[in-house]
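Colleague: Could we go through this model together? I should like to discuss its sheets and its cavities.

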Amino acid sequence: MTEPVLSVRDLKVRFALPGRPPLRAVRGVSFDLRPGERLGLVGESGCGKSTLAMAILGLLPPTAEVSGEVRVEGRELLALDERARDTVRWTKVAMVFQGAMSSLNPVVRVEDQIVEVLSVHRVARGRAARERAGELLEQVGIPARRGRRYPHEFSGGMRQRAAIAMALACSPRVLLADEPTTALDVLAQAQILELLERLSEQLGLAVVLVSHDLGVIAQSCHRAAVMYAGEIMECSDADAVFARPRHPYARMLVRATPTLDDGEPIAAIPGAPPRLDARLDGCPFTPRCPHAFEPCRDERPSLAARGGEGAVACHLYRSAPAVAAPQRETA
Amino acid sequence: MSFDLVTRPHASLGGPASMRARALARVRRRPAALLGGLIVAGFVLVAIAAPLLTAHGPGTRVGPPFAPPSAAHPLGLDDGGVDVLSQLIWGARVSLLIGFAAAAVSMLVGGSLGLLSGYFGGVVDTVLARVIDYFLVVPVLPLMIVVAAIWGPSVLHIIVIVGLLLWTTTARVVRAQVQSVRERGYVRRAEAIGAGHARIVVRHVLPQVGPLLIANTVLTVGVAIFAETALAFLGLGDPSAASWGAMIEAAFSGSAISAGAWWAIVPPGLCVAAVIIGCSLVGVSVEDALNPRLATSHLSRRTFRLIRDADD
Amino acid sequence: MSPLLEIEDLAVSFAPRRTLADAIARRGPERLRAVDGVSLSVEPGTALALVGESGSGKTTTAMAALGLVRPDAGAVRFDGQDLSGLTHSQRKRLRGRAQMIYQDPYGSLDPRFRVSQSVAEPLEVHRPGLSRAERDAAVVTALEDAGLAPASDFLHRFPHELSGGQRQRVAIAAALVLGPELLVADEPASMLDVSVQAGILALLDELKAKGLAILLITHDLSVAAHHADRVAIMYLGAIVEEGPTATVIRAPRHPYTRALIDAVPRPRAAGEAAARRLVAGEPADAARLPSGCRFHPRCPIAIDRCRVESPLLRAPAGDAGRCVACHRADDAPASGRAAA
């Protein structure tokens, strides 16, 4: 088994708020990512998925307190000082941010923005940088000469591609993509997803894809991690999470997601996520879970592999797999 | 069908009452705003209590011209033998009155035109925006001088002149804010329902524009007082109204400088400066408090803290 | 049953500001044809979904349906009455019979209004004669119809005290309080979390069952699949395919519809991934529509005729319940999508 290129252990992020209890946005997340693997972080607003991505890259504000371990190619990131982290950022781990299409500098030509990334990270300068920028643009499906244009002359989909090109400038091993398709139309979304899949396969790039859209994750990722209230509830093969979800929240999330089959009626999840500034003993989904029973309120279930198909954090699966909650079809 | 819904206050957004409370808390936290408020309030109280604080009416001669400060007259006497300190207190009434009144005129004119321009857009906006731009371009003080010289001095004229020439900044600020509120969902919804313009403006637009308008007006008070002082100093003020500017003018033309009578010129100047500083401190603090995004803390290089064993 | 809303050959265009360059060249500004010949109808108790990407003209069509935008050509008829011939007061009365709900639950309620005030506002505008008691009763009924029960829990709250889903329900209550017959919903759930979306859309289903006609604007075919009886696919201002939802999705006849269906992200079997038909390029600039069929530059099956002649929206051979605007609609259709 190849070594994981990204390894996260018990990552916790909390935000200190003046005069109030701290906001615990991420509550102990662990996962591994192998080269060329695409992992999807899926969850609704407030589950901590974007904060988690920012924490991996060390891009949190001064009010954040972080604990845990993040290793990229074996090297621990969180304990580094800012300078050292700068050498790792972008060269080993890069990110495409939410709303990246609006994060391009509107008064600088697209090509020049990529050249800037290249020269800041000392990858290339001058003529060589320009050529490399052209290559990167071609790689994401933008003709190199279009690089001379300004961002406002690009459509939303093309700007998103440009942002991806900037992220790939220093040939990172890991790419974090935070909601890369959210503001795009369906067809542009499909193009971007296809691009990410192709790049990950061609370059052996490991991808963490953050999205609230279960369909996007199910289509484009090898594995899916369902997050709720700052924790991972289920982490298995993406197909399995979509077709045979085991955690009650994952199951309700799948049932709430409309698909093109009008077969199964969609159903909302009653209630609301817990406040993140409260101490949560036990499983955070307990108040809304139809299967909640005694241990759920006090004992936090650990995320562990059960029954041969990925990991679930749920007391229902604590005993032998045969006694586990009903599945839609046998494996 | 009923849902077992848990209502969850959106702490980050806050509502109008809590936003006001937090803005007020931000203002209170700045010593600058408090200081400014105290200064302005102090002057206003003194002006109101003038008859109680002074022994004589304004302009009463009590001794020889430019008598130096003494125990009986802590700031000496001016060119007419009038106690400078009393004159200062009576003068506060005039200066502050003109300042506040002119600012009120400016708020009304600027606010209305900004509102009309921002709300209706189109031709109305084009025309009004041009008007605003022309007024902005014209140098205010020379225009005031010309108008005052032609129209003749009187307190009312001064108030109108100063007010009419200061409304442009208010108009711009209001116009921008109204344009932004105009596009909000609830305003478009009200329009779609068929609500009339008057209703939309009064119930939806004005409450959003109000706070900024007030902050802007406070700043305008400072500018108005300065403008009045300048006009008075140039001899264009109302000769019967002894404002601070008039005091400086009288001292000047009475050769206070060659007589070495600094006490006749400096105190009124300091008062004008103090009131303007006070208004600026309050106005700027309120504006900042209403728009916290002006802070640039996000540009700092500091980053997160790594801690060991965060509890859950 | 006669349709409640009928739109015929609607055309709406916008003229951007004339630039200096235009003035020098002595030409008028190019008009942006947002809607270019759209016809549709909605019957009471049914839902029609207008599906399209941004720039397709779906929102403009919806606004024209409510008389909020003046059309350049074509007719909008509500309950048989043509909107253009109405006086101002007649138009206002019509607003009471057709209401709109918007996409953004966070912007559609005045943050300074309590829930009761927001919901009562339409009553204050349209029925000023109502007594306080009657108005309060109507507000309570509307809130409960929108799923916020008991209403007394919500009447005094401000929007910031409510979640996104609850705010959207308040907006729906405000739309229902006048007892409209037509509800135009512009992406009513797209800004809400998936777990809440289902509730809002289920509410619309309930209202439809009570007899309301719904015009649902969405970019999401899956939403249309679950909540609309008929669907009309729009591209660059025109309808390219229209018919019963299940039929259109199972057996699409227009290449754009097929592309939209293929593009919906969902888990795919190993072989299917390669077969995904990705449509290249971007939609054309609405101010400079392509000649002939507006989709031809991106169409995988375009023929010469498509470049020259714009296809009419008509029923394909042997399939009367739907229409397609494609020269090749009668060719043997490729299968819509592999069975899930």
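Modeller: What follows concerns two sheets of chain C and the cavities of this predicted model.

Colleague: What is the strand order in the open sheet of seven strands, and what is the pairing?

Modeller: The order is β6-β7-β8-β3-β9-β10-β11 in chain C, and the pairing is mixed.

Colleague: Which strands are at its edges?

Modeller: They are β6 (98-101) and β11 (323-324) of chain C, each of which pairs on one side only.

Colleague: How many bridges link β6(C) with β7(C), and is the sense parallel or antiparallel?

Modeller: There are four bridges between β6(C) and β7 (residues 182-186) of chain C, and the two strands pair in the parallel sense. Within this pair, C:Met100 is set opposite C:Val184 of β7(C).

Colleague: Which helix packs on that sheet, touching β3 as well as β6 and β7?

Modeller: Helix α2 (residues 58-65) of chain C does so; its contacts are with β3 (47-51), β6, β7, β8 (213-218) and β9 (230-235) of chain C. The direction of α2(C) makes about 155 degrees with that of β8(C). In addition, helix α6 (residues 164-176) of chain C lies across β6 and β7 of chain C, at about 170 degrees to β6(C).

Colleague: Turning to the other sheet, what is the order of its four strands?

Modeller: That open sheet runs β2-β1-β4-β5 in chain C, with antiparallel pairing.

Colleague: Why is one side of β2(C) and of β5(C) left without a neighbour in the sheet?

Modeller: β2 (32-42) and β5 (81-82) of chain C are at the edges and have a single partner strand each, so one side of each has no neighbour in the sheet. Strand β1 (residues 5-14) of chain C is joined to β2(C) by eight bridges, in antiparallel fashion. One example of a bridge is C:Ile7 with its partner C:Leu40 in β2(C).

Colleague: Which strands of this sheet does α2(C) touch?

Modeller: α2(C) packs on the sheet through β1, β2 and β4 (73-78) of chain C, and its direction is at about 120 degrees to that of β1(C).

Colleague: Now the cavities: how many are of 30 Å³ or more?

Modeller: The count is 13, and the largest cavity has a volume of about 120 Å³.

Colleague: Which residues are closest to the centre of the largest cavity?

Modeller: Of its 14 lining residues, these are B:Ala192, B:Ile193, C:Ala98, C:Gln99 and C:Met100. The elements that give two or more residues to the lining are α8 (185-193) of chain B and β6 and α6 of chain C.

Colleague: What is the lining of the largest cavity by class?

Modeller: It has eleven nonpolar, one polar and two charged residues.

Conventions:
Residues numbered from 1 in each chain as written. Chains lettered and ligands numbered in written order. Predicted model: local features only at pLDDT ≥ 70, side-chain atom pairs only at ≥ 80, totals over all residues. Heavy atoms only, no water. Pairing = 2+ DSSP bridges. Contact = heavy atoms within 4.5 Å. Axes fitted to C-alpha atoms, helices over the stretch in contact; angles between N-to-C directions. 1 Å grid on protein atoms, 1.4 Å probe; cavity = no way out; pocket = protein on both sides within 12 Å on 5 of 7 lines; lining within 4 Å. Points joined across faces, edges and corners; volume = space filled by probe spheres on them. Nonpolar A, V, L, I, M, F, W, Y, C, P; charged D, E, K, R; others polar.
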